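Me: I am new to this structure and would like the terms explained as we go. Please set each value against its definition.
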Amino acid sequence: MIKNYFKIAWRNLIKHKGISGINLFGLTVGLTSCLLITVYILNELSYDRYNKNADNIYRVTRSFNNKDGVVSLNLSTVAPPFGYYLPTDFPEIQKMTRLLDAVISPLRYKEKLFNEKGVFFADENLFDVFSVKVLKGNPATALKDPFSIMLTEESAKKYFGEEDPMDKTIRYNNKFELKVTGIYKAFPSNAHMHPNMLCSFNTLRDTAVYGEENLRTNWGNNSFFTYIVLPKGYDIKNMGTRFPAFIDKHMTGQEYVGNQPSKMTKLGLQKLTDIHLYSHTDYEAEPNSDISRVYIFASIALFILLIACINYMNLSTARSVLRAREIGIRKVIGAEKKELIFQFIGESVLITVVAILLAFGLLALTLPWLNKLTGQNLSTGILLKWQVVVSLVLSPFIIGAIAGIYPAMFMSSFKPVKTLKGFFKAGGAGLSLRKALVVTQFSISIILIITTMVVYQQLHYMQKKSLGFEKDHMVIIPYNRALNDKYESFRTEMLANSSIKDATRTSRIPTGRLLDASNAATFSGDSAVPVNTDIKLVSVDYDFIPTYKIKLLAGRNYSREYGTDTASFVLNESAIKAIGWKNPENAIGKEFKYDDIRGHVIGVVDDFHFESMHQKIVPMVFVMFPSRVSFFNNLSVKIAGNDVSSALATIESAWKKFVPDTPFEYTFLDDNFDKLYESEQKQGTLFTTFACIAILIACLGLLGLSAFTISQRIKEIGVRKVLGANTGGIVALLSKDFLKLVAIAALISFPVAWYAMNNWLKDFAYRINIQWWIFIAAAVVALLVALITVSSQAIKAALANPVKSLRTE
Amino acid sequence: MIELKHISKWVTIGGKPNFILKDVNATVNEGEFLSIMGPSGSGKSTLLNVIGMLDEFNEGEYRFFHEEVHKMKEKQRSNLYKQYIGFVFQAYHLIDELTVYENIETPLIYQDVKSSERKAMVADILDRFNIVGKKDLFPTQLSGGQQQLVGIARALIARPKLILADEPTGNLNSKQGEEIMNLFKQLNDEGVTIIQVTHSEKNAAYGKRIIHLLDGRIEREE
């Protein structure tokens, strides 16, 4: 019997090529989108699961509170003494391993000299905790000896080419020789961090590098990624409740945390597998994703699938008239209702099976596009898990059943006498449901259009909003401390060329995050009054404010002419407000203490966007304490816009002259700036793509439905024409009904879209207000598309010769 | 076999009942060949549909092999006609997407006959109707007479006791029509009860008994 059903289903497919084509195309595109999104989501959910122990590994995090108890800073890294004491105080810790980012380190092998990112100091037991494959060398001992280094295959190739790197030495920071003791397979793309090189942690114990003492006592250097392995099924609350006592026991004598350090700083544990989707600390190894993104894309996938299913339902019920006779015959010769239901569901399952097979082909073709867009290395291989395979095999049956159930119920209830006698009229049958389905489709499409527009508006706003400083023609070079003593002459040398406008050294640059802060105090008479709000610190030199063209509201900039400026402060306006000073002028000359330097406020700058628009502008202080010179990490050079290459050549030749042993590498600030919004940009592109797909499928459905409805009204059109109706009138008559549906869809979608986008915008400290015209524009777009779709059919019908249509009827 | 008592059927138009069948009484015995005649709109097709249990009636009693059809649920009724009745239509009503073979086979599928048995039964009837050579053709590739032949083959395949034929020759030319009528006669001789609706006196004459309908009533019998 099933064979019979499939046979007739197949022949039906072939016979009605147009409608089958629309159905098949819609379902295929819908399913392809779903598969793409499924691959993306599965990848998001797979982060760090490659580890054998994935479920038992935790990362130790640290947060800081303001004096008023508000969390001011949350880090995914902790200070080294925590790692020193944790295993002894918590015997349940089975293993602990640490990684420290060496930030940007110049590495050299023979003539090859690069500023290497992704170099990490790593504990010798790293490979016990993380399941990374060691290709050469002994995983148990390769990271044991100080001054050992392990490379990925890629980085080995970069420095050594075809040579065997084992036991060769790489020069690190122009100071130390590191011996290559192993090669490991790069961390998989779905890992939350990707060290290119691993330097033995024991190297840090050398006083010339960091020092044993520091590892035990430096509570302020919170840059150590610390991972622990706990027993299976361990309840981490147990450790959490003992952390405060642990902190109070060991962090004694730390001035900045007072008598009860556990009030000011807290430790936490994050499950390794939660890091990628749930961790949003202020400092992460690499930018993470977010679980909400998974939900958003999952809903888009479901929406698109729903639209495609609705197409199927709509077209099938509309077309059922053509099959009424067959249904009647089958009933008369003995078919029962349930057998007919089974037959029609079988048909939709068949078409879904065909669609899903095509979708797999399309998936293979479109995956490179998604990879390019998301910067991921997704492959269809991720689908090869038994759970996924089972659901994929079942999906055509489920989707087919969902899409087919209504048409099946609808058609199987036809009365044979009527269908066989030709009394059967399509008109009213299932019409209101079809209308509701069209409304649903267009509501979804309009929501997606509005969403896309809001995303782009916000993106445009962030990129065009005045930052309060000049970001163009700014070259950023990783600063090298070898320049410290010769900096003034280096600067003079560069400025001698007219293509170089100005240059400055800073600890952090705009587009980065502000993570450094220290204690601040004002003075009432001679007694210090602590400032309760965090004031973020940037170490600068004389030229920071003019180089970035930041506006001074009061006072003056640091100046080479004042000897006392090493104990002076420049604050931003937010800091003035946070401290409680009346206005910028009022602040000038006030006594102020930051860290352990006491001095006076000499200038106040206008608030500017140091961080991205996601962050509110925070209170900031710019200092140039002599002790902070070693904190410079960046050199910003403002160049003339007309000849970039000669400006770069000038900087490079000066650099090579003063610090020949360090690589010259640079970025442009505006590129960094664009990177801040890369994820929104990608989101925007994905939204646009899927919104277009959604509306395309919806329109195909509308095309099929209107073609069908119009064919049912051919006689009416003929009669009207004979009675004198003109083409325009008929097109209007035929289009009106459909456009009404789109208008209703618009009204339904407005509040939904508004609510969703309002929520989305909450992530941004600086955001647009959603404008009313966006809604109108989206509705107009949908109406236009629908109008074009429907009227193409309507015009054809209206132009037809009435004699013909009346005769065929 | 069939016993109709005071059967009436009406539709309400503008508040007034409009009778399609009015107080129809009839008895049909096994082995009969009955023709129903009457002008257009006299209710003959409706009567046939009522007998075939495809249509409902508003009033009266209908017994089929002593079972009370008027008291049955739809499902029981359909089980009943599946078992005993074969239908033949004026417009043949073959399924266009199925071949001749498949069209004839379909009723057996719905009666859960085993595949091997089905094959034998279909082969038998194809042979008997001399259409073995046409079995893989689709209905649209056949002439009207051939299509009706297939229609009758399909009606007979499940070995019904009763054949209901609604103007079986209405779409055929006279030669084809004659062949179909002879086939009916032959079937009747073999013991199959036949009720046909027809316009043509000549075709009606094949029946052993004729009922004349007018405006939903039995006008006369001969």
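Me: What makes domain 1 and domain 3 of chain A count as being in contact?
Reply: Contact means heavy atoms within 4.5 Å. In this predicted model, 37 residues of domain 1 of chain A meet 30 residues of domain 3 of chain A in that way, so the two domains are in contact by this definition. The model's local features need pLDDT of at least 70, side-chain atom pairs count only at pLDDT 80 or more, and totals for chains, interfaces and linings use all residues. Side-chain values use heavy atoms, without hydrogens and water, residues are numbered from 1 along each chain as its sequence is written, and chains are lettered from A and ligands numbered from 1 in the order in which they are written.

Me: How do you know what area is buried between domain 1 and domain 3 of chain A?
Reply: Buried area is the accessible area (1.4 Å probe) that two parts lose on being put together, summed over both. For domain 1 and domain 3 of chain A this is about 3,000 Å², and carbon and sulfur atoms give 77% of it. A:Ile307, A:Asn314 and A:Leu373 supply 19% of what domain 1 of chain A buries there, more than any other three residues.

Me: How many salt bridges are counted between domain 1 and domain 3 of chain A?
Reply: A salt bridge needs a side-chain nitrogen of Lys or Arg within 4 Å of a carboxyl oxygen of Asp or Glu. The count between domain 1 and domain 3 of chain A is zero, so no pair across this interface meets that rule.
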